[in-house]
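User: I'm new to this one and would like a close look at a single part: the place where the two domains meet. Could you walk me through it, and then say a word about the cysteines?

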Amino acid sequence: MNIKRFFNCAVPVYSCNLKCSYCFVGQKDLSNRKDLNATLSPELIKQAFTTERTRGRALINLCGMGETLIPAEMIDIIRGLLENGQFVSVVTNCTLTNKIMQLCEMEKQYKDRLFIKCSFHYEELIRTNLLDVFFDNVQWLRENKISYTIEMVANDSLISKEKQIKDIFQSKNEAMPHILESRYIADDSFRRLTNLKAEDHQQAWEKYDSELFRAQQSLWGEKRSEFCMAGELSVDVDLKSGCMAQCNTGGKQIGNIYENLDDPMEFCAIGSNCPTPHCFISYVWQGLCGNIENIPYATYDEMRNRKRPDGQEWLTPVIKGAFSKRCSDYLTYSEQKKQVVNGIMSLYYDNSVPEEAYMALKEWMDEKLSNEGIRSVVLYGFGRIGKALKEVFDSIDIKVVKIVDRSVKESVGLYETTDIFWSHVADLHSKADAVIVTPISDGQGIKEKITDKNPYLKVINILEEIQYIV
Ligand code: SF4
């Protein structure tokens, strides 16, 4: 069984039974914001995440801002996703025994595709007297053949406690925890959350011999400028609003999982427009997804698995097999598609458009419109993408009949307000061969609305068309 895409889903729960100093909810002082918690609909989430909509089997990662398993509906959400045939991973502090037990009671075919990321928060487990509960719950997972990993955040306060921590893991007959790099998120630098020099920090945490930690160090702090498949192989989802962004590092919205539920979701790579100083979640984006080609990187199973002293492994065979591959093993873009996508995304991210990307965009539009006999168009959306397409259409003799945009306040000459557009869209097919829809975040919704009002009119949604480039 293969994983074609990764969905990183933010669960809207800010409550937690622990209070870790390095947790980003604490860093942003959100732990008392119960008003931010929201109830989710398991039925709607199940409907949104069918394998048809995700264009193949995906790994859906569920991670709360606080403790993921607190919301009453979480078990139903997890079950629904597994029933859909998806892989599911859950980030948890592994202290809510009743929820862990409910996962353990699921049918084998579902447990085979379930992966639990148990975050080991040593100081809080001691303070709350939940250390044994944590390890008992891990044991429940293991005995019920659910894949898990144990990881610990590389926080300065834990360095001096190395011996106590290792003694506990040994006494529990457990393999040592993997180490997750800590990061400061109160600003956009995403630097390490440490007061030590980088070498001292690395030296301290290398003592756990964690492939997860080593892999993160290999790319930490390096700005990426290559073509990145985030947005295609991996996306970030806010489960409350449904907004789907290309990357959780400041990537822009490319859709909403709760809209157009009868259609497959649309994906589009971010290209060479990475918005962040460094790829700080590279262990997923590179390790599991393979978002950037030709970067030597550990596979996800190498970073998640461990062998216990008794020889048992943390990952069961189905998860281990799936994690040993990358999403990029199953989907890559042609050079032409990369150029077109990079052109569109450079415009979307307000970056300059490379000459070759502009030329590819022009050739693509020319070929598409001439194949379909389109000689005149209405441009819907006149941001940077709309403006670039106007220039392209002028250069290939496609007549732009009207330009429609929310920013147009008065219909004059070529420009038309959205109100006027919607008032006469029903007979627009007599004035133009097609409408070109350029907004990326809600293009499909606009297309469906136009088609509802005028089924005779050809509508080309740019983001949708990108899916068809081979
Ligand atoms: S390089 Fe990393 S951080 Fe940047 S867009 Fe790609 S996956 Fe996201």
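Analyst:
**Where the domains meet**

Let's start with charge pairing: between domain 1 and domain 2 there are 0 salt bridges. On the side of domain 1 that touches domain 2, the residues split into 3 nonpolar, 3 polar and 3 charged. Bear in mind that this is a predicted model. As for polar contacts, 1 residue pair links domain 1 and domain 2, with both residues at pLDDT 80 or more.

Now for where these parts sit in the chain. Domain 1 covers 5-329, and domain 2 covers 361-467. The contact draws on 9 residues from domain 1 and 10 residues from domain 2. Measuring from centre to centre, the C-alpha centres of the two domains are 41 Å apart.

How much area is buried between domain 1 and domain 2? The figure is about 830 Å², and carbon and sulfur atoms supply 48% of that. If you wonder why area is the yardstick, the size of an interface is often given as the accessible area lost when the parts come together.

On to the cysteines, as you asked. How many disulfides are there? The count is 0. Cys118 is in no disulfide, and its nearest cysteine sulfur, in Cys94, lies 3.7 Å away. A disulfide needs the two sulfur atoms within 2.5 Å. Cys118 is also buried, at a relative accessible area of 0%.

Why is Cys327 not bonded to Cys289? Because the sulfur of Cys327 is 4.4 Å from the one in Cys289, its closest cysteine sulfur, and that is too far for a bond. Is Cys327 buried or exposed? Cys327 is buried, with a relative accessible area of 1%.

Definitions and conventions:
Residues are numbered from 1 along each chain as its sequence is written. This is a predicted model: local features need pLDDT of at least 70, side-chain atom pairs count only at pLDDT 80 or more; totals for chains, interfaces and linings use all residues. Side-chain values use heavy atoms; hydrogens and water are left out. Buried means under 20% relative accessible area, exposed over 50%, partly exposed in between (1.4 Å probe, protein chains only). Domain bounds come from an automatic or database domain assignment. Contact means heavy atoms within 4.5 Å. Buried area is the accessible area (1.4 Å probe) that two parts lose on being put together, summed over both. A salt bridge is a side-chain nitrogen of Lys or Arg within 4 Å of a carboxyl oxygen of Asp or Glu. A polar contact is a pair of N or O atoms within 3.5 Å; within protein, one must be able to donate a hydrogen and the other to accept it, and residues adjacent in sequence count only if both atoms are side-chain atoms. Ala, Val, Leu, Ile, Met, Phe, Trp, Tyr, Cys and Pro count as nonpolar, Asp, Glu, Lys and Arg as charged, and the others, Gly among them, as polar.
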